[in-house]
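Subject: Structure for you to look through

Dear colleague,

I am handing over the structure we spoke about, and I would be grateful if you could open it beside this message. My notes on what was found follow directly after it.

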Amino acid sequence: MNVDLSESWAIGGVPIPTRLVLAPMAGVSVQAFRRQGRRYGAGLVCSEMVSVAGIAHRNERTLGYLRVASDEHPLAIQIFGSEPGAMAEAARMVEAAGADIVDINFGCPVKKVTKTGAGASLLDDPDQAARIVSAVAEATPLPVSVKMRRGTANGSRDCLVVGPRLVEAGAACLTLHPRSARQMYTGTADHSLTAELVELVDVPVIASGDVTSRARAQAVLATTGASAVMVGRAAQGNPWALAEIMGLATAEPTREEIVAELLLFMRETVRELGTERATGFLKKFYGWYLGRGRFPKPFKQELVTLPTLAEVETRLLAAAPGARDVLDRLEAELPEVDEVLLDSLPISLYGGG
Ligand SMILES: Cc1cc2nc3c(=O)[nH]c(=O)nc-3n(C[C@H](O)[C@H](O)[C@H](O)COP(=O)(O)O)c2cc1C
């Protein structure tokens, strides 16, 4: 049975136009990534995990993660923390920032996060996890979703116990990445657990993990009954994977298209992060865009050593001169960035003022 990926569905009252969701990824899911994801067929995009402690301290960089552009909707902003009260306050900030959905992270396996009682460690404390979801759901009228792992230990099935409790507490959607926290990203995602979770709850479930192609997306949707698939690593420097999954494209992009998308991504990232931060941030993207046999390895290595983005841009255009026309076309087609700036957040919440 083929599931139609172009079908719309909903989280709470929020309509999601396709069954493809772009994964939240720390250090990757900037606005430029999310807007690109929408252009290539994702029906829902998500911010990277945002620290509730950072929000509480009005940390400038943290607040930057709450920037929402008008063409990103529907958009989920993901928060992580361990205290219901602080999570509730952060949810109100997320709402004020203009997100459509508040997503809660119960999946992050990184020690720095789990040792504070946040992320995947909450799967070991279902009572506290439920208190958090309940506090967030009460704090905001936005639908609340939760993203989780199968459990912390290898072979754990805790998600099947915790998941239904979170729905009882007010979660309107669950995303399952069925690896254990201990596994990090090794092994494979066991989507038989996703199918079991779908049977247990009456809210939509999103399947995350190892979805890299249309065939795999169709198979996961058909065998799990999930409402949508989430795609992460396959979309890094490769929005064409999203188009392939949606059935919008089959051919590999041309070199000109690749360079044009990378240049657009660079320009948008500079606008978002400033030149200095963007210069370091972008380095990992060169390999992601130009890899996969698309450009010779020494070329990627050379780009990483160039000191300025202007030099990278010149070098890219020399390698694919036709990219300039493609880039002009892409820029002309982009909607105006009518950005909801942080200034529009309640002043008492922003900057401690
Ligand atoms: C670099 C990186 C950063 C990630 N950051 C987050 C995050 O901030 N929040 C989250 O819920 N999951 C995060 N994840 C997990 C992904 O959202 C996704 O569940 C996981 O990568 C499995 O999907 P994939 O096989 O499609 O990549 C991250 C994954 C990667 C590779």
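Which residue in strand 7 does Asn105 stand opposite? Before the answer, please keep in mind that this is a predicted model. The residue that Asn105 faces in strand 7 is Lys147, and this pair belongs to a wider arrangement that is worth following step by step.

Let us begin with the sheet as a whole, which is open, has 8 strands in the order 3-10-9-8-7-6-5-4, and shows parallel pairing. Strand 3 (20-22) and strand 4 (45-51) are found at the edges, and because each of them has a single partner strand, one side of each is left without a neighbour in the sheet. From one strand to the next, the twist averages 30°. As background, strands of a sheet pair through backbone hydrogen bonds, and they may do so in a parallel or an antiparallel way.

Strand 6 deserves a careful look from both of its sides. Towards strand 5, which covers residues 75-80, strand 6 (residues 101-106) runs parallel and is joined by 4 bridges; here Ile79 has Ile104 as its bridge partner, while Ile77 stands opposite Val102. Between these two strands the chain passes through helix 4 (residues 84-97), forming a β-α-β crossover that is right-handed. Towards strand 7 (residues 144-151), strand 6 pairs in the parallel sense over 5 bridges.

How is strand 6 placed with respect to the rest of the structure? It is largely enclosed by it, because 6 of the 6 residues of strand 6 are buried. In general, the side chains of a regular strand alternate between the two faces of the sheet. In strand 6 both faces are covered, with Ile101, Asp103 and Asn105 buried on one side and Val102, Ile104 and Phe106 buried on the other.

A residue in another setting is Arg216, which lies in helix 9 (residues 214-224). Arg216 counts as partly exposed because it has 16 C-beta neighbours inside 10 Å, whereas a buried residue would need 20 or more. Between the C-alpha atoms of Arg216 and Asn154, which are 62 residues apart along the chain, the separation is 24 Å.

Finally, please look at the ligand, which has 22 residues around it, with Ala23, Met25, Met49, Gly232 and Arg233 coming nearest. The residues of this shell divide into 10 nonpolar, 8 polar and 4 charged.

With best wishes

Notes. Residues numbered from 1 in each chain as written. Predicted model: local features only at pLDDT ≥ 70, side-chain atom pairs only at ≥ 80, totals over all residues. Pairing = 2+ DSSP bridges. Axes fitted to C-alpha atoms, helices over the stretch in contact; angles between N-to-C directions. Near = placed C-beta within 6 Å. Nonpolar A, V, L, I, M, F, W, Y, C, P; charged D, E, K, R; others polar. Buried ≥ 20, exposed ≤ 12 C-beta atoms within 10 Å, placed from the backbone. Right-handed = clockwise from strand over helix to strand, strands pointing away.
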